[in-house]
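User: Hi! I have a structure open and would like to talk it through with you. Can we start with the strands and go from there?

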Amino acid sequence: MTTLDQLKVGSTATILAVGGEGALRRRLLDMGLTPRTKVLLRKVAPMGDPIELYLRGYSLTIRKEDAAKIEITEG
Amino acid sequence: MIFALIGNQNSGKTTLFNQLTGANQHVGNFPGVTVEKKEGTLRKHSDVNVIDLPGIYSLSPYTAEEVVTRDLLINDRPDGIINIVDATNIERNLYLTLQLLELDIPMILALNMMDEVRASGGTIDIEKLQTELQIPVVPITASKNEGVDELVERAIQSVCEGPAEQRVDFCKGPVHKAIHSTAHLIEFQARRLRIPVRFAATKLVEGDRPIIDALKLPENDQHIVEHIAKEMEQELATDREAAMADMRYEFIEKLVADCVVKPLESKERRRSNRLDSILTHKYLALPIFLGLMLAMFWLTFNFIGAWLSDGLTILLDGLTAGVDQWLGAAGVSPWMHSLLIDGVFAGVGSVLSFLPTIVVLFFFLSLMEDSGYMARVAFVMDKLLRKIGLSGRSFVPMLIGFGCSVPAIMATRTLSSRRDQKMTIILTPFISCSAKLPIYAVFTAAFFTDHRPLVLFSLYALGILVAILSGLLLSHTLFRGNPVPFVMELPVYRLPAAKSVLLHMWEKAKDFLVKAFTVIFIATLVIWVLSNLDIRFNLVTDQSTSMLASVGKGLAPLFAPLGFGSWQASTALVTGLTAKEAVVSTMAVLFGSGEEGLAVTLSQYFSPLTAYAFLSFTLLYMPCVAAFAATRREMGSLWAALLVMLYQTATAWVVAFLIYHGGGWLLGVNGFSNPIDWILLLLVVGAAAAALAYLGRRRSSSPCGSCAQRGTCDLDKH
């Protein structure tokens, strides 16, 4: 199983499922991280965490530990 | 007529609100919660009011902002909704729109930042968007005030016509089936309780706790709803929350494909990426951030702010001299003369000359906020702040703390967890606020003329260091557990609107002036009376026999172990509670030297070492009454606020103690001779620990205070 935190900078993936629970999960869904959405990993913060994603025409930052709850397939 | 202005963060909501209302706005609080509420009257329409609701992304029941917005929309039912949407980021912005549509309130869509869409070669089919959503859509550019008049006309018109009969139904398949069967089931109950049926049905299927409770459905119906939702989950092979989010985004994707022609990447987006390649660069990000901070402080305190302050001081001195002369010529009695000149003019005047610095600082802070750089600061700093158990977002309030603790404490509201909010409130006052600057200025002028910038920098650094250590202490004791989700938009960099920046500065200046002429004015009067009358209300000739001197003398032994046991110093610290600037004005009055002679007089009472210990104590001890009031409001109880203050003051005492004794040991002056000092140290450390322990006990007995979602919300379980 590949998760979003394993994606390389500059590559794109398609979301399969969003794990986690409660407020965090709801927030991820609300921000548009829903299944079948294409996501580009644009950047990793200077200190190695969090990461910057590009999806639905805007930039979103989430932490690696939360990205690890999102299942993806590359491409 | 009342409109609610709702939109995502970074959608230009504040800019539009400022365009709509100009300076006719006032800031308050939503009752019971600590979310800011701005209201204003429309220009040219004095009978129309707008409520600026907090920037939100969804109507989920998880953050205080979302809950406040839902409650206002459902319970107070405004006459209309103005939903502002960032046209350059239309997909995610419409997600909230779809939820607002379910509320059966007349609504108008303000499609903002249309200039950017056009400039980058994109188009939006407004007609089609109107037909698909069945609400009026008005393209605007809030920053240039384009389309705003039409927006107002159409908004008023749409309220007069009432909501359109047939609203668009954006669900299909199993979700459609679930929502509609639920709607049929609860229709009567929802209408009876005046909750919009469609909204209630959607939220029930979504599993939204507050709506389930509010509807008070009979148990049988609750089971049916649960069954409906389960069936939908099985058909879609996903859970209810994901199903609903997916349904909304699916509708939006189709809508956007039909109505919007967008270039692959807008000009602003490309510019933003270029800026980010430097500003959030792996190695350059931190040096650039620190450089910007230094530049900001240099400009504020050494250049523009200082220049303006000097100008204002000359003006005030002239005024004081004029009044002084006039009072003398008019033969006003000496005590009245003294009250006005030594009390009011000296006290309020010294504080007023500080106004330009505050305004300039807030100018820079709002530039950072409005340009989108603050979000990058949070992005860059998150990992660092997580080490002390906070998220990158707490960095923003802490940064504002350099300006003033009051707005900084108020800014903690944007944090999405109570835990982070409380911790940030406790730590922020350690960051040196700008009101402490006059104290630093006087003392560095008297003792550290050759190393002023270095000493100033060390004080700021000391404040940050103590905040970090306290953060580590708190996150390992009182606030154990994980920091909250950090899911944050990085908005496109934009040139801040001059109007917003100016209004923001004006708001701060007004705050400060009000403070100067109320709290500080009264404080100077009280201090003059206390310091000029003795216990039997006789005018004193020697101020060491005054009432204030008695208070100061009583407290002085507490400060003796820190190296500044004079009654004037302890009295100044007491009056500093009204406002930190008052420390200087009190000293000027008590040492009988006036502002100019203060530097010379101080050297008789302080050595460079004790001066530094005094400065570090003023840096860290409990903030002024205004900050205390803000803390009380944000912490939710007077008792908690008092404990926070006790903790801060005890910490200040311990740090000043270590500096005085450590410094003395290094310099080889005063030794470790006095055992009373060490007994006091133990007592103060004990007091700090007890304050924390009590805070912890109170917290475990009622973790979420009076929050509406106590027990159901998993943010507070940590």
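**Strands first**

Analyst: Happy to. In this predicted model, Ala13(A) sits opposite Val39(A), which belongs to E3(A).

User: Nice. Which strand does E3(A) pair with there, and in what sense?

Analyst: Strand E2 (residues 12-18) of chain A pairs with strand E3 (residues 38-44) of chain A, antiparallel, over three bridges. Thr14(A) also has a bridge partner in E3(A), namely Lys38(A).

User: And what about E3(A) and E4(A), how many bridges there?

Analyst: Four bridges, again in the antiparallel sense, link E3(A) with strand E4 (residues 51-55) of chain A. Leu41(A) faces Leu53(A) of E4(A) across that pairing.

User: What joins E3(A) and E4(A)?

Analyst: The two form a hairpin, with six residues between them. Within the turn, Gly48(A) has a positive phi of about 95°.

User: Okay, zooming out: what is the order of the strands in the open sheet?

Analyst: The order is E1(A)-E6(A)-E2(A)-E3(A)-E4(A)-E5(A)-E10(B), which makes an open sheet of seven strands with antiparallel pairing. Strand E1 (2-3) of chain A and E10 of chain B are at the edges with a single partner strand each, so each has one side without a neighbour in the sheet.

User: So chain B adds a strand. How many bridges join E5(A) to E10(B)?

Analyst: Three bridges do, and E5(A) and strand E10 (residues 488-490) of chain B run antiparallel. One residue to click on is Thr61(A), whose bridge partner in E10(B) is Met488(B).

User: What lies across E4 and E5 of chain A and E10 of chain B?

Analyst: That is helix H16 (residues 373-387) of chain B. Relative to E10(B), H16(B) runs at about 120°.

User: Let's move to the contact between the chains. How many residues does each chain give?

Analyst: Chain A gives 30 residues to the contact and chain B gives 30 residues. On the side of chain A that touches chain B, helix H1 (22-30) and strand E5 (58-62) of chain A are the elements with two or more residues each. The largest share there is from H1(A), at eight residues.

User: What's the split into nonpolar, polar and charged on that side of chain A?

Analyst: On the side of chain A that touches chain B there are 14 nonpolar, seven polar and nine charged residues.

User: Good to know. What does chain A's secondary structure come to overall?

Analyst: Chain A has two helices and six strands, and along the sequence they follow the pattern β-β-α-β-β-β-α-β. Its radius of gyration is 11 Å, close to the 11 Å from the globule rule for 75 residues, so chain A is as compact as a globular protein of that length. The C-alpha atoms of chain A fill a box of roughly 30 × 25 × 25 Å along the principal axes.

User: How much of chain A is buried?

Analyst: For chain A, 51% of the 75 residues count as buried. Looking at contacts in chain A with a separation of 6 or more, 54% are between residues 24 or more positions apart.

User: Same tour for chain B, please?

Analyst: Sure! Chain B contains 30 helices and ten strands. Its radius of gyration is 29 Å, which agrees with the value near 27 Å for a compact globule of 718 residues. The box around the C-alpha atoms of chain B is roughly 85 × 55 × 55 Å along the principal axes. Buried residues account for 49% of the 718 residues in chain B.

User: What domains does the assignment give for chain B?

Analyst: The domain assignment gives domain 1 (2-161) and domain 2 (173-261) of chain B. Their centres, taken over C-alpha atoms, are 24 Å apart. Where these domains of chain B touch, 17 residues come from domain 1 and 18 residues from domain 2.

User: Which element gives the most on domain 1's side?

Analyst: H3(B) does, with five residues on the side of domain 1 of chain B that touches domain 2 of chain B. That side of domain 1 comprises nine nonpolar, two polar and six charged residues.

User: Last one: is helix H20 of chain B mostly covered or mostly open?

Analyst: Mostly covered: H20 (residues 437-447) of chain B has eight of its eleven residues buried. Among them are Leu437(B), Tyr440(B), Phe443(B) and Phe447(B).

Technical notes. Residues numbered from 1 in each chain as written. Chains lettered and ligands numbered in written order. Predicted model: local features only at pLDDT ≥ 70, side-chain atom pairs only at ≥ 80, totals over all residues. Buried ≥ 20, exposed ≤ 12 C-beta atoms within 10 Å, placed from the backbone. Contact = placed C-beta atoms within 7 Å. Nonpolar A, V, L, I, M, F, W, Y, C, P; charged D, E, K, R; others polar. Pairing = 2+ DSSP bridges. Rg over C-alpha atoms; globule rule 2.2 N^0.38 Å. Axes fitted to C-alpha atoms, helices over the stretch in contact; angles between N-to-C directions. Domains from an automatic or database assignment.
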